[in-house]
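Before accepting a label such as buried or salt bridge, a careful reader will want to see the value set against its cut-off. The turns below do that.

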Amino acid sequence: MIFIKKHIPLFICFFVGVLTLGSYYVPNAGSENYIEMMNKWENIVAGFAFLLGLMSLFYSHFHKITRRAPGWGYSLFVYAGFLLVVVPAIVSNGQPMKGPDMTSLGWIYRFVFTSLSGTMFAVLAFYIVSTAYRAFRIKSPQAFVLFAAAFMVILGRVPLGQMMWDGALGWTGYQVTDVIEWLMSVPVVAGRRGIMIGIAIGGIVTALKIIFGIERQYMGKD
Amino acid sequence: MEFLGNTWNAFAAIFTVTPGWMTFGGWVAAGLTICLFSFLYKDNPFFKVAEHLYLGAGMGWLFQVYLFQTWKPKVFLPLMEGQYSVLIPTLLGLSLVTQFFPRISWISRYGFTFIMGYGSGLVIPLTISTDFLKQIGGTIAPFMVSEINSGNIMSLLNGTFVAFGFICVLFYFFFSVEHKGAVKKASNIGIYFLMLYFGAAFGNTVMGRFSLLYGRFDDLYKYSAPDYFYATHVVLGLLVAYFILDKLVLSRRGGGQEAH
Amino acid sequence: MKNALEKFLKIDRRLIFLALTVLLFAPIVRPLGLPNKNLGKDVVNTYNYIEALPERSFVMLSLDYDPATRPELHPQAVALVKHALRRNLRVGIFTLNAGATGMIEDIAARIPKDIAPDKVYGRDYVIMPFQPNPVAVMTQLGINLYEIYDKDRNGNPTKDMEVMKGVKSVKDMGLGICITGTAMLDYYVAYVADKYKFPMAGGVTAVSQPGYGPYLQTGQLKGLIGGMKGAADYETLINDLEKGTSGIDALSLAHVLVIVLILTSNIIMLVLKYL
Amino acid sequence: MKRPPIIPLILPFLFLTSISSAAKPSPLPPLTGFTAADMPGDAGGAALLRWNAVGGAAEGATMEVYASDTARPGWVKIAEFPAAERTEKDMDLPFWAWRPAPGRHALAADTSSAFGRPDEAQEIEFKLRLVKGGASVETAPVKVVIGGNWFNVSRFNNLVLMLTIIIVFFWTVSHAKRKGLFIRRIAGLDAIDEAIGRATEMGRPIYYSTGIGPMSLVPTIASTSILGEVARKVAQYDTSLKVPHFDPIVMTVCKEVVKQSYLEMERPDSYRDDINFFVSQDQFSFAASVDAMIHREKPAACFFIGHFMAESLLLAEVGATTGAIQIAGTEQESQLPFFFTSCDYTLIGEELYAAGAYLSKDPMLMSTLKVQDFGKAFVMLAVVTGSVLLAAGAVFGWEPLMRIVGQLFKAY
């Protein structure tokens, strides 16, 4: 049983991994046909991976409701929200627009989904301002450099900031945008690239571990 | 059969979007937006309801997109046309779901290994070329100046600066030698390059988050118009009334707790 | 004095929230009307690249953003569609983000209305359905896109469409642009641009914009539109001002507020420390 | 598509130099040195055409390339470009796969859009046509068999690098298991000691959050090792520790880790099961609840180490306003600026992994870190020598050197 439960999946991983890896270096028709077939299949498999997210959300809220966990009443709204989209979607056959007219699905998208998901992250703008005042401390030379770069960018991105720069430092002949462009194309490139190399090799090592069956966490416990 | 058809048509007719619905939409949008913003004052039931609705509605939207744009055209229709080879990826995909049933969860490994092996095989050579070889090539490219003139002096200077900073940052993240002497100096310079990067990122994040807020405010402003019967004003007023009432009730009970 | 300053430093944050609300809402009600100058270099590069494409070139527009980043990215997408269609290029709209389908629908509804009323679906532009596996789709785009995109979003076969004439893979396209609030552009750079030597540009949120510096320096990306400022710049370039321009104008006061707040609190800290 | 008149085959031999076969006398020089071969390193469907430059006559002239599938006769124009372009030097191939000759042109002629790309080899005929004004000259057709190849030689540098990484990886794994590997101590760990010391003096609790990542993420794994170290110190000094959780599985793991640390310090009596507690699986509710707790209890030290997203802002701010020593660490670049400005010490990206590996001595974490270090060393060396060689090549005009260095670090 362990053969079916563990060894075959690991072999599939190794086999598919090595063939796919090889397809980058081997250009011939066989390799191209293989990768074409895999692309089509993987696209469909990934289409079902979405069910994992859906089921785990439903499962955890179902659990909350049945156990009457604190705040379980809110969990009902998860299902309500789901039906609020799916029922109109089925009625309008998945079309948000029918010619020039909006369907009920389009209505839900514009007025419910857009406002909800747009606002969730817009709230952060407020926390940035309060952090700027209450927690942004220039207590070391490094923090000062960080602030100086942030200052330039915050100021230079908006028309009012550009006007202020022109008024105070316009005589230098440099626009604030020039400073930002230099910042973005020189020190930022160096900093980001330094971080990138480590991440890149970390990613390669993880991928190697997966192909060789060393990393198996994604498979779940035995 | 005809009865069923009629019932369905009557049901579907409820979902016809009329101008009245469009106005009502303004109220819904303004209401949900303000409920979420109310978290800024303090955590409250309206925020929680809207937040849970968001989770459900988001999943619902994804579900219908997958249903109509992936499962139907990529699985259902080909099967109807007799292309049974689609069954292989479909079964592998469905195997993922067994993860939720502990006794047969091992079946999901077939799907997972199929995805992970493929993804890992693809990513290795591409990372080497995109994030490794090309980044080295890009760093040294400015040194290829065949003749010195004022134009490429700047690019040479900037290129040197990038290469120097790049190496210093790499020293900062180098863990195999003790940070002493020259290595320490280099890594200390490296951290300033990182700070410039983070500073620029901070500045841009400010713009990004404010843009999102602008988008919501812009919508709220739209719904505060007379065409929408002042939806924003009314909803906001109702919520403020709730908080005042809430505070009064709490203080009568002997003081509540503010979040902060 | 010291006590008062300390108190001022620990002021209720809801007052700061209120200040931001006022400073961001006021310019929406009454715009400042400041001109958007100093266009970004990477935005201009994107614009010039599209300007230099021969007529009827195929431009792949991968719109991979959802409503959460709409204020930043939707104006970029609209401006790019306008520019490409008005330049008489063929536009293929793709998406690898399920949340984006509604935003694409919005653009689709606007094309016959005000973006380019003379353009015909199927001849000048086409909209493809959402596909769930980005890396598989990208790899296939470089070989033969019809194996995955055999039908458009309405279920019509794509192969015989006039807009797709002579287009089999990214090698037959003039430019690819990915507009995204996620890491999709990174995938496009590695899986399509570098692997198949395909010119790509990007439109990203301001948050992720600095991270693409290395790709721009090496030329792996031909151009980049970053955040609302990028959208405003692009609108200025195609001379058709819309939400991006009015947005960047409205952000002015709030940006200055942030700087004032950081400086005030740090000056108070200094005073407290040395007084 | 315009189809030129079919010209009788004069020389039906492969790779034969042809002579001009224009019917009427023309001012254009004849096209010479025309050869066709299979394009190396491709999936099939393309041929490598080479011909001699026509000198001054190229000015304003256009080169047209025609192909014909011998199975289905009939000429199809597959390419058209200014005659002065596409020299052998312009070919986008590295020096180990391509040796350009001066005064020659070359083209990778792709016939797949004209004739498709069958899986087996196909026989294709090619000819060139030089057009200038009304005049034109043609080469005789040349036949060639084209097909797919087994190795894309231009990706050789990539292959070598990949094999090197695999070898280094297995070497470090075996070394890490047998002898262990050296990793320097991260400065941030001293900051952790200091923070715990201060909390002991003040008699206030310590908060530690592992973030919102699941157990499968490396930052979460690293964070649990750091939590183990923190718990050891806490047990030693008998301070109070609180660990709010987002993910129930991470909580289970952390309970074990903390319990183990208390046992190691021989303080099992001080261990309480409620050190680790579950808060909420919702990003913002989690942040709001933890904020409220920190605000109420005013801890002496807060640790935010692991995978953090937008909640980093909310958490770091409240700690800063209550005056706690804050130590943060995350791999999320977009959150690092907030942590850096509002915390006393921040572990940046890989530093977090290194701290985790240093404390746990886990061979897998160690080996990954070592391969990363190897890669960084390689990059540093490549950048330094590469830029010196390129600059030297530029100054002294050694063109081949510049070409070699440039192409070594290019992806094809």
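What follows is a set of questions and answers about a predicted model.

Q: Why is A:Val18 called partly exposed?
A: A:Val18, which lies in helix H1 of chain A, has a relative accessible area of 38%. Buried means under 20% and exposed means over 50%, with partly exposed in between, so A:Val18 at 38% is partly exposed.

Q: What makes the nonpolar surface patch, and which helix gives the largest share?
A: The patch covers about 670 Å² and is made by A:Phe11, A:Phe14, A:Phe15, A:Val18, A:Leu19, A:Phe212, A:Ile214 and D:Phe170. Helix H1 of chain A, residues 2–25, gives the largest share, with 5 residues. A patch residue needs over 30% relative accessible area, and because A:Val18 has 38%, A:Val18 passes that cut-off.

Q: Why is A:Asn28 called buried, and which residues is A:Asn28 in contact with?
A: A:Asn28 sits in the loop between H1 and H2 of chain A, and its relative accessible area is 10%. Buried means under 20%, so A:Asn28 at 10% is buried. Once neighbours within four places in sequence are left aside, the residues in contact with A:Asn28 are D:Asp42, D:Ala43, D:Gly148, D:Asn149 and D:Trp150.

Q: Why is C:Leu5 called buried?
A: With a relative accessible area of 16%, set against a limit of under 20%, C:Leu5 is therefore buried. C:Leu5 has its place in helix H1 of chain C, residues 2–9, and, leaving aside neighbours within four places in sequence, is in contact with C:Ile268, C:Val271 and C:Leu272. C:Leu5 and C:Met269 are 264 residues apart in sequence, yet their C-alpha atoms are 8.8 Å apart in space.

Q: What makes A:Asp166 and C:Lys37 a salt bridge?
A: The closest N and O atoms of A:Asp166 and C:Lys37 are 3.3 Å apart, and the rule asks for a Lys or Arg side-chain nitrogen within 4 Å of an Asp or Glu carboxyl oxygen, so the pair qualifies. Across the interface of chain A and chain C the rule finds 2 salt bridges, and 24 residue pairs are in polar contact. On the side of chain A that touches chain C, the largest share, 15 residues, comes from H4(A).

Q: How much area do chain A and chain C bury between them, and how many residues does the contact take from each?
A: The two chains bury about 5,300 Å² between them, with 66% of it on carbon and sulfur atoms. The contact takes 53 residues from chain A and 65 residues from chain C.

How values were computed:
Residues numbered from 1 in each chain as written. Chains lettered and ligands numbered in written order. Predicted model: local features only at pLDDT ≥ 70, side-chain atom pairs only at ≥ 80, totals over all residues. Heavy atoms only, no water. Patch = residues over 30% accessible without salt bridge, like charges linked within 9 Å, V, L, I, M, F, W, Y side chains within 5 Å. Areas by Shrake-Rupley, 256 points an atom, 1.4 Å probe, with all protein chains shown as cover. Helix = DSSP H or I, 4+ residues; strand = E, 2+ residues; numbered from the N terminus. Buried < 20%, exposed > 50% of the residue type's maximum accessible area, 1.4 Å probe, protein only. Contact = heavy atoms within 4.5 Å. Buried area = accessible area lost by both parts, 1.4 Å probe. Polar contact = N/O pair within 3.5 Å; in protein donor to acceptor, adjacent residues only side chain to side chain.
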